[in-house]
Amino acid sequence: MFTSLPDPRLRAGITAVGSMLPDGVLSSDALQEEVARRSGLALPPRLLTQATGIAARRVAGPGVYASTLAAGAARRAMDAAGLTAPDIDLLVFASATRDMVEPATAHIVQAELGTRAHAVDVTNACNSFVNGIDLARSMVMAGRARRALVVTGETPSRAVQYEPADLAELRAGFAGYTFGDAGAAVVVEAVERGGILDVDTETHSEHWEVGGIPGGGSRHPRGDAYTYFRGDGRELRGVFEKVGTAVIDRTLHRAGTDWDGFAKVLVHQVTVPYLERFAELTGVPADKLVVTVPELGNIASATLGVQLDRVFGGLAPGERVLLVGLGGGISIMTMVWEKS
């Protein structure tokens, strides 16, 4: 589903960014050693590192929650924009992770920040953050919000199965061993030029069972076994390859440019081989990518926010960035943003 701004004179854009990484660092080798020790399985040396290209990831320690990382990133974004709590009138917590089923984690973040904004959660796997930005843009464009704060906090490392019963269970949860933790935040408000110029989405919901965390909802409200990530990484990759690059091709066509028209291309990153395959299929030049997966792993919906934070200060007004979200469900999302 493609959506553009209703009036070219009306614009909403990202005016500040922040991110937060937890202090803990866990290497793939150390993770594999711990899994082997606790499960008793004999695993090939450096299996996780070689299969994923992930050397390490950040992990949240005790007392650090999804809301903690989101609030920390939010403070940095607000500081960068020179904003205080009363300046925010919409707070969107947009993440695949949440602190609890109820209430919305947005309220927990809001209590930490001291804002009094309309607070809501948005969740759509690893596309949650981009969906949250799109919602905020729509609210600003509709006059429902003046200045929105979109935040994500991801702690998927807590959904990793450290004690698989056998190799079959290890394979079933293997994608979970790519996970790392992080938080990100953006300020979205009206801008005079640039801003969010184009949004496109494509969903293939018939593949919703390919991967996920089944616990905590009405299907499996209780039981530790359902709190671990389950999914076939190869099947998930195969689905994305089958879907193809249509949504990206449409976005480039509407933008009237090729990859040279973008200063950076931010894409969700699961593993290094996955990212390399994305580049091969789309033709995006390597120097356009902001590569985070080898050092941070798969940080779910925080991926694009962390990448944007790393390049935001180096972008000149008028330069464009393409955000490409890939999420379980299955959904693909693109967003064209021009720095004001």
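A residue counts as buried when its relative accessible area is under 20%, as exposed when that area is over 50%, and as partly exposed in between. The exercises below apply this to a predicted model.

**Exercise 1. Backbone of R46 and A300**

Determine where R46 lies, what is notable about its phi, and whether it is buried, partly exposed or exposed; then treat A300 likewise.

*Solution.*
1. R46 is placed in the loop between α1 (28-39) and α2 (47-52), and its phi is near 60°, a positive value in a residue other than glycine.
2. The relative accessibility of R46 is 42%, and therefore it counts as partly exposed.
3. A300 belongs to the loop between α10 and α11, where its phi, near 50°, is again positive in a residue other than glycine.
4. With a relative accessibility of 5%, A300 counts as buried.

**Exercise 2. Surroundings of S301**

Classify S301 by its accessibility and list the residues that it touches beyond four places away in sequence.

*Solution.*
1. S301 sits in the loop between α10 (293-296) and α11 (302-312).
2. Because its relative accessibility is 2%, S301 counts as buried.
3. Once residues up to four places away in sequence are left out, S301 touches A94, S95, A96, A125, C126, S128, F129, T152 and E154.

**Exercise 3. The buried side of α4**

Identify the buried residues of helix α4 (residues 105-113), and explain why they lie on the same side of the helix.

*Solution.*
1. The buried residues of α4 are T105, A106, V109, Q110 and L113.
2. These residues lie on the same side of α4 because they cover an arc of only 140° around the axis.
3. The general background is that an α-helix has 3.6 residues a turn, so residues three or four places apart point the same way.
4. The elements against which the buried residues of α4 pack are α3 (66-81), β5 (90-94), β6 (118-122) and β7 (147-154).
5. At the end of the helix, α4 is followed by G114, which has a positive phi near 85°.

**Exercise 4. Cis peptide bonds**

State which conformation is found for the peptide bonds from E102 to P103 and from G329 to I330, and locate P103 and I330.

*Solution.*
1. The bond from E102 to P103 is cis, its omega being near 5°, and P103 is located in the loop between β5 and α4.
2. The bond from G329 to I330 is likewise cis, with omega near 5°, and I330 is located in the loop between β13 (320-327) and β14 (331-338).

**Exercise 5. Cavities and L281**

Describe the lining of the largest cavity, and then examine L281 by its accessibility and its contacts.

*Solution.*
1. The whole structure contains three cavities of 30 Å³ or more, and the largest cavity has a volume of about 170 Å³.
2. Its lining is made up of 14 residues, among which F240, G244, F278, L281 and L326 lie nearest the centre of the cavity.
3. The elements giving two or more residues to this lining are α7 (233-243), α8 (246-255) and α9 (272-282), and α9 has the largest share, with five residues.
4. By class, the lining of the largest cavity consists of eight nonpolar, three polar and three charged residues.
5. L281, which is found in helix α9, is partly exposed, since its relative accessible area is 38%.
6. Apart from its neighbours within four places in sequence, L281 is in contact with E241 and T245.

Notes
Residues are numbered from 1 along each chain as its sequence is written. This is a predicted model: local features need pLDDT of at least 70, side-chain atom pairs count only at pLDDT 80 or more; totals for chains, interfaces and linings use all residues. Side-chain values use heavy atoms; hydrogens and water are left out. On a 1 Å grid over the protein atoms alone, a cavity is a set of points where a 1.4 Å probe fits but cannot get out, and a pocket is an open set with protein on both sides within 12 Å along at least five of seven lines; lining residues have an atom within 4 Å of a point. Grid points are joined across faces, edges and corners, and a volume is the space filled by probe spheres set on the points. Helices (H or I, at least four residues) and strands (E, at least two) are DSSP runs, numbered from the N terminus. Ala, Val, Leu, Ile, Met, Phe, Trp, Tyr, Cys and Pro count as nonpolar, Asp, Glu, Lys and Arg as charged, and the others, Gly among them, as polar. Buried means under 20% relative accessible area, exposed over 50%, partly exposed in between (1.4 Å probe, protein chains only). The arc is that of the directions from the helix axis to the C-beta atoms. Contact means heavy atoms within 4.5 Å.
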